[in-house]
Amino acid sequence: MTELAIAKNIAKLENRIRIASQNCGRDPAGITLLAVSKTKPAAAVREAAAAGVREFGENYLQEALEKMEALADLELTWHFIGPLQSNKTRPVAERFDWVHSVDRLKTARRLSEQRPDTLPPLNLCLQVNISGEESKAGLRLAELPALATEVAALPRVTLRGLMAIPAPSDDPATQREPFARLREALTALQVTIPELDTLSMGMSGDLEAAIAEGATLVRIGTDIFGPR
Ligand SMILES: *Cc1c(COP(=O)(O)O)cnc(C)c1O
């Protein structure tokens with residue numbers, strides 16, 4: 001991807017987000033664009049940052065740490081969105097601002113214990129296996145209330161909301177169903193944890209459906225940086 005292509009893609013995407021918001025009567029300012037830069041070089045992140053993007057998502061720890069090093073002169077917010085093994089939490093607790101892929105208490109506890117006192121609490125989302133796929137990461141909806149209560153009580157993390165990666169579909173109505181279930185799950189949790197404010201849902205192929213169902217943060221890779 002050339003410099004120009006990335007800036008152009010971001011402009012197009014901001015337009016898509018604006019139109020999708022208007023179509024459901026939402027303020028586009030309530031939707032954060034998270035640029036997913038996994039497998040893409042630091043130079044591509046730099047181009048996206050030059051075009052005004054501040055939030056970046058990474059899936060692979062080593063790769064992310066190298067990019068952070070190369071981009072230390074920029075003020076960026078880093079989100080860990082990939083599978084997280086509980087024995088790899090320390091660098092995530094020390095270097096990231098958000099983790100979207102928490103699906104067990106052990107991981108959340110370690111992130112809380114390992115979050116340096118010099119930094120603000122680490123923002124967490126619980127990842128829900130919203131389509132109920134056998135092989136997928138994430139917890140089941142039935143497990144969510146108990147885990148959310150325990151994670152919300154940890155001292156050095158702030159539970160912000162929920163994340164999901166539904167089974168892909170080309171049909172807008174089919175795309176909306178799992179996003180609606182995630183929104184309903186967040187609404188139910190807000191009764192006891194009113195601070196929850198984040199629905200991390202929607203990728204390049206389904207961001208309109210996610211916004212229609214209340215996404216507050218969309219995670220976009222391909223439509224910014226090109227195919228992986
Ligand atoms: C790769 C990835 C994305 C971005 O997907 P695109 O389809 O390329 O926009 C979003 N969320 C997660 C968790 C990912 O791993």
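**Exercise 1: Charges**

Task: How far apart are the mean positions of the positive and negative charges of the protein?

Solution: Start with the counts: there are 27 positive and 30 negative charges. Next, take the mean position of each group; these two points are 2 Å apart. Keep in mind that you are working with a predicted model.

**Exercise 2: Overall build**

Task: Which radius of gyration would a compact globule with 228 residues have, and what does the protein have?

Solution: Begin with the rule for a compact globule, which puts the radius of gyration near 17 Å for 228 residues. Then look at the protein itself: its value is 17 Å, so the two agree. To picture the dimensions, imagine a box of roughly 45 × 40 × 30 Å along the principal axes, filled by the C-alpha atoms. Inside the chain you can find nine helices and eight strands. Finally, 48% of the 228 residues count as buried.

**Exercise 3: One side of helix H2**

Task: Where on helix H2 do Ala44, Val45, Ala48 and Ala49 lie, and are they buried or exposed?

Solution: First find H2, which spans residues 42-50. Ala44, Val45, Ala48 and Ala49 are buried there. Now look around the axis: these residues cover an arc of only 140 degrees, which means they are on the same side of H2. Turn to the other side of H2, and you meet Ala43 and Ala50, which are exposed. Just after the helix, Gly52 has a positive phi of about 105 degrees.

**Exercise 4: Helix H6 and its partners**

Task: Which helices and strands do the buried residues of H6 pack against?

Solution: Step one is to list the buried residues of H6 (residues 144-152): Leu144, Leu147, Ala148 and Val151. Their arc around the axis is only 100 degrees, so they sit on the same side of H6. Step two is to name the partners, which are helices H5 (105-114) and H7 (172-190) together with strands E5 (122-127) and E6 (157-163).

**Exercise 5: Following Leu33**

Task: Why does Leu33 count as buried?

Solution: Locate Leu33 in strand E1, residues 32-36. Its relative accessibility is 12%, and buried means under 20%. Leu33 therefore counts as buried. Now set aside the neighbours within four places in sequence: Leu33 is in contact with Leu13, Ile17, Val53, Glu55, Val218, Ile220 and Ile224. As a last step, pair Leu33 with His100: they are 67 residues apart in sequence, and their C-alpha atoms are 14 Å apart in space.

How values were computed:
Residues are numbered from 1 along each chain as its sequence is written. This is a predicted model: local features need pLDDT of at least 70, side-chain atom pairs count only at pLDDT 80 or more; totals for chains, interfaces and linings use all residues. Side-chain values use heavy atoms; hydrogens and water are left out. Buried means under 20% relative accessible area, exposed over 50%, partly exposed in between (1.4 Å probe, protein chains only). Helices (H or I, at least four residues) and strands (E, at least two) are DSSP runs, numbered from the N terminus. The arc is that of the directions from the helix axis to the C-beta atoms. The radius of gyration is taken over C-alpha atoms; the globule rule is 2.2 Å times the number of residues to the power 0.38. Lys and Arg count as positive and Asp and Glu as negative; His and the chain ends are not counted. The place of a charge is taken as NZ of Lys, CZ of Arg, CG of Asp or CD of Glu. Contact means heavy atoms within 4.5 Å.
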